[in-house]
Amino acid sequence: MHQSPLWQILSAMSGPDLREMGKMVESPFFNRRKDVRLLFDYLGGCLRKGKTPDREEVLTAVFPGRMPDAGRFRLVLHLLTEIARQFLVLDQLDREKGQKALLMAQALRRRALDRQARNVLQQAGAKLGISAPHGDPEVQERRFQIQAEVLQHDRSSTRTRDLNLQQLSDHLEKSFVLRKLKLACELLSHQAVFRADYNFGLLDAVLERVRQAPELTAAPEVSLYYHCCLALLHPADSTHFANMKPLLLRVETIFQPEECRDVMLLALNFCIRRLNDGHEAFAHEGLELYNDALKKGYLLEKGELSRFTFRNVVGMGLRIKAFDWVEGFIADYGHRIAPAHRESMVSFNRARLEYSRKRYREAMGLLQKADYQDLLLHLAAKTLLLKIYYEAGELRLLDALLDSLTIFLRRKKIIGYHQENYRKIVRYFQKLVTINRFDTAAVQGLRQQIEAEEHLTEREWLLAQLG
């Protein structure tokens, strides 16, 4: 029962949501069955008490004084699940700017209630006014849909009046351009990490159209995604990021919070990519954006900070040796990580900080006391321990850890890219320990091997040891 879709939906609801759904369950418009109400009451009680539902208790609650019927219970479960899903749809409809009004206007038009439909559309258009500060792709699409619905009414009412088709065309073009640019940015960002091969279709034509259309480049939402796309296409050309950055720092005047988060993450991933390519200046750029986004809450979801974002912020701070800042960040935001990952992620990143400060004993203590259930975090912690042992001259401990990691990688099923990466790390650590430093040809040969590797996360550190 606790793994059913119904229980998962109810568990994700807030208290007010559950109370509102309770009204639906009680309403004869949505439900006329007492057993459905009894099931909702029982599950609601479990949620309030923080208790996992028990199958026997559920059956007793739904069929009081009768023999439980498994087939009938499945029907009751299905009916309540459908009500829960219907509640989610209606709740989302209330949150969607313009969508509810658009559907209302369409329903009124089908019933020939044109005057009421026009009033609804005018109110929706005012809420999504052209001067509104939110230029999200979804909002632009809704503006176009409302204008298209207005056109349907105008066509039915007169054949001689100006139908304002140019405005409708402009709305459609802006909506399409914005959506295409955003999707292209996401494809390019993903392609840089996973080496995917995408067909970008009309992207070149869209970029050329924006380049030639002052009315499009003047729109900050289009300009932001346009420069973001060009920065991802041509990362070596810093002018695109420079054009994008001022817009990012006032992004709340352009987009709604969710869209702010999306575009900020695209920009931050670009900074990480440039930093990994050896351009240290992007650590400063990235930290400035992280600071701004954290203060404005863009990177928090339901008050929580992604453990991946947390790790990336620490990594950027360590690259520019902003140790005190990193320490403050860990203290300020460590408690924002989801409880399931909080202890291990905070411990690991504090260890990274202490390692960077050359406080090896403190770093080892942090790494050894944490329980790293996440496989990739476990491997990252072991890699950090390898570096500590090497730099501290603890070669026996290093040899033992390399042996145990070799066995671990042989036994564990790890995603292909990561499996290969960590096998290379172990192999190059072994070569680093055994190589004759006075054999110039051998050292140069090892350097060339490391530089030639396509995927090797510790490339920079390994090359530094050979230097």
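How exposed is Glu 391, buried, partly exposed or exposed? In this predicted model, Glu 391 has a relative accessible area of 24%, so this residue counts as partly exposed. That residue is a handy way in, and the report will come back to it after a look at the whole chain.

## Overall form

Let's start with the chain as a whole. Its secondary structure amounts to 24 helices and two strands. The C-alpha trace spans about 90 × 75 × 40 Å along the principal axes. The radius of gyration is 29 Å, whereas a compact globule of 467 residues would come out near 23 Å. Of the 467 residues in the chain, 43% are buried.

## Distances across the chain

Back to Glu 391, which belongs to helix α20 (residues 375-392). Its C-alpha atom is separated by 52 Å from that of Val 206, and the two positions lie 185 residues apart in the sense of sequence separation. Another long span starts in helix α21 (residues 395-411), where Ile 407 is located. Ile 407 and Leu 168 are 239 residues apart along the chain, and their C-alpha atoms are separated by 64 Å. With a relative accessibility of 36%, Ile 407 is partly exposed.

Leu 265, a residue of helix α14, offers another pair to look at. From Leu 265 to Leu 289 the C-alpha separation is 9.5 Å, with the two residues 24 apart in sequence. Leu 265 has a relative accessible area of 22%; since buried means under 20%, this residue counts as partly exposed.

## The second largest pocket

If you enjoy looking at pockets, here is one to display. The second largest pocket holds about 400 Å³ of space. Its lining consists of 14 residues, and those nearest the centre are Glu 96, Asp 136, Glu 138, Gln 256 and Glu 258. By residue class, the lining has 10 charged members, along with two polar and two nonpolar ones.

Which helices each supply at least two residues of this lining? They are α5 (70-95), α8 (137-157) and α14 (257-276). The helix that gives the most is α14, with four residues. This is also the helix in which Leu 265 lies.

## Aromatic pairs and a ring cluster

The rings are worth a look too, with a count of 12 aromatic pairs. Take Tyr 198 and Phe 200: their ring centres are 6.5 Å apart and their planes meet at 80°, so the pair is edge-to-face, given that planes over 60 degrees apart fall in that class. The two partners also have their own accessibility values. Tyr 198 is partly exposed, at 29% relative accessible area, while Phe 200 is buried, at 17%.

Ring pairs also join Phe 310, Trp 325, Phe 329 and Tyr 333 into a cluster. Within this cluster, Phe 329 is a residue of helix α17, and its relative accessible area of 3% makes it buried. The C-alpha atoms of Phe 329 and Lys 387 are 24 Å apart, with 58 residues of sequence separation.

## Charges over rings

Two basic side chains are placed over aromatic rings. Lys 358 lies over the face of Tyr 355, at 5.9 Å from the ring centre. For Arg 427, the charged end sits over the ring of Tyr 428, and the distance to the ring centre is 5.4 Å.

## Lysines with positive phi

Lys 358 has a further feature to check on a Ramachandran plot: its phi is near 65°, a positive value in a residue other than glycine. Most residues other than glycine have a negative phi. Lys 358 is found in the loop between α18 (339-356) and α19 (360-369), and at 52% relative accessibility this lysine is exposed.

Where does Lys 321 lie? Its place is the loop between α16 (307-319) and α17 (323-333). Lys 321 also has a positive phi, near 60°. Its relative accessibility is 60%, which means that Lys 321 counts as exposed.

Note on methods
Residues numbered from 1 in each chain as written. Predicted model: local features only at pLDDT ≥ 70, side-chain atom pairs only at ≥ 80, totals over all residues. Heavy atoms only, no water. Phe/Tyr/Trp six-rings, centres within 6.5 Å; stacked < 30°, edge-to-face > 60°. Buried < 20%, exposed > 50% of the residue type's maximum accessible area, 1.4 Å probe, protein only. Lys NZ or Arg CZ within 6 Å of the ring centre and 35° of its normal. 1 Å grid on protein atoms, 1.4 Å probe; cavity = no way out; pocket = protein on both sides within 12 Å on 5 of 7 lines; lining within 4 Å. Points joined across faces, edges and corners; volume = space filled by probe spheres on them. Nonpolar A, V, L, I, M, F, W, Y, C, P; charged D, E, K, R; others polar. Rg over C-alpha atoms; globule rule 2.2 N^0.38 Å.
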